Amino acid sequence: MTAHDTAPGLDFTPAPGAAPFWRMVAAQAAAELRAMLRNGEQLLLTLIIPVLLLTGFSLASLIDVGGGRRVDFLVPGVLALAVMSTAFTGQAIATGFERRYGVLKRLGATPLSRSGLMLAKTSAVVGVEIIQAAVIVAVGLALGWRPHGSFLGAALLILLGTAAFSGLGLLMAGTLRAEATLAGANLVYLVLLGAGGVLFPLTKFPDGLRSALELLPISALTGGLRAVLTQGAALPLVPLSVLAAWAVLSLALVSRTFRWE
């Protein structure tokens, strides 16, 4: 007796095939988010260090921010640093070692495509960034920070910055060995921390060097967030354009060059 005989109108015949694309992306994004939140070293990099920098440099006169209150200068920069630490540094290192240990090789044997993996990882990064932003904003408000401008403008900058840094992190992790990715990602983090306008105004640099530094994604994100949250600007077009260009270029390269193993 078949299933059709016992339950007319119901079909229990297996339907092999891949799940819908967005369901696969959502499942992988949830797994990525759980892994990121359980990683103590990554949590230190993405949340604790930015909060310590914000608190320490806001309360102590260790840097010259070129006028104005230190906390007003620092909060947008630390928000940008949190985006970079999560979307670029943490993701590059984690993905690099996933390649080394064969995790991505097993994912490559599933119907999940390169674009699906990129979307899942970026979605997980956005989830962590929401937590980061809530904590950093709360600490900033406790230190006396009072934001101005458009929340939507700041959110758009952060989303474009996330896409740009996520693309760069996956590009590094998908082409270099895990050890090289670990060293390179940490080196880039330190260089951009000092030269990206996070803690020191870009006006401290010579004119020629400053023009080049302003084209970096961290400088564009930091400058754009300061324009919106400190100066009350609506949509800073130059930073948005720089971030969009980095996002398109890096993600296009990832889609072509990313290796599962």
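A residue counts as buried when its relative accessible area is under 20%, as exposed when that value is over 50%, and as partly exposed in between. By this scale Phe 21, with a relative accessibility of 30%, is partly exposed. The residue belongs to helix 2, and together with Trp 22 and Leu 119 it forms a nonpolar patch on the surface, for which the combined accessible area is about 320 Å². Everything described here refers to a predicted model.

From this patch one can step back to the chain as a whole. The secondary structure of the protein chain consists of eleven helices and zero strands, so that definition-based runs of DSSP helix are the elements to follow by number from the N terminus. Along its principal axes the C-alpha trace spans about 85 × 40 × 35 Å, and of the 261 residues in the chain 46% count as buried.

The contacts between charged side chains offer a way through this arrangement of helices. The structure holds six salt bridges, and one of them joins the side chains of Glu 32 and Lys 121, with a distance of 3.1 Å from N to O. This pair links distant parts of the chain, since Glu 32 is in helix 2 and Lys 121 is in helix 6, which covers residues 114-142, and the two are 89 residues apart. Both Glu 32 and Lys 121 are buried, and the two residues also take part, with Glu 98, in a network of salt bridges. Lys 121 can be related to helix 4 as well: the C-alpha atoms of Gln 91 and Lys 121 are separated by 8.0 Å, although the two residues stand 30 residues apart along the chain. Gln 91 is found in helix 4, residues 70-100, and because its relative accessible area is 5%, Gln 91 is classed as buried.

A second salt bridge is formed by Arg 100 and Glu 179, whose closest N and O atoms are 2.4 Å apart. Arg 100 lies in helix 4 and Glu 179 in helix 8, residues 178-195, and the pair therefore ties together parts that are 79 residues apart in sequence. In this bridge Arg 100 is partly exposed, because its relative accessible area is 48%, and Glu 179 is likewise partly exposed, with a value of 33%.

The salt bridge between Arg 210 and Asp 207, with its closest N and O atoms 2.9 Å apart, is local in sequence, for both residues lie in helix 9, residues 207-213, three residues apart, or about one turn of the helix. Arg 210 is partly exposed, with a relative accessible area of 21%, whereas Asp 207 counts as exposed because its relative accessibility is 54%.

The last stop is the space inside the protein. Rolling a probe the size of a water molecule over the atoms shows where empty space is left. In this model the count comes to one cavity of 30 Å³ or more, and the largest cavity holds about 50 Å³ of space. Its lining is made up of Met 36, Leu 37, Gln 42, Leu 43, Thr 46, Thr 86 and Val 128. Two elements, helix 2 (21-38) and helix 3 (40-59), each give two or more residues to this lining, and helix 3 gives the most, with three residues. By class, the lining of the largest cavity has four nonpolar and three polar residues, and no charged ones.

Note on methods
Residues are numbered from 1 along each chain as its sequence is written. This is a predicted model: local features need pLDDT of at least 70, side-chain atom pairs count only at pLDDT 80 or more; totals for chains, interfaces and linings use all residues. Side-chain values use heavy atoms; hydrogens and water are left out. On a 1 Å grid over the protein atoms alone, a cavity is a set of points where a 1.4 Å probe fits but cannot get out, and a pocket is an open set with protein on both sides within 12 Å along at least five of seven lines; lining residues have an atom within 4 Å of a point. Grid points are joined across faces, edges and corners, and a volume is the space filled by probe spheres set on the points. Helices (H or I, at least four residues) and strands (E, at least two) are DSSP runs, numbered from the N terminus. Ala, Val, Leu, Ile, Met, Phe, Trp, Tyr, Cys and Pro count as nonpolar, Asp, Glu, Lys and Arg as charged, and the others, Gly among them, as polar. Patches are made of residues with over 30% relative accessible area and no salt bridge: like charges are joined within 9 Å, nonpolar side chains (Val, Leu, Ile, Met, Phe, Trp, Tyr) within 5 Å. Accessible areas come from the Shrake-Rupley method with a 1.4 Å probe; for residues, only the protein chains shown count as cover. A salt bridge is a side-chain nitrogen of Lys or Arg within 4 Å of a carboxyl oxygen of Asp or Glu. Buried means under 20% relative accessible area, exposed over 50%, partly exposed in between (1.4 Å probe, protein chains only).
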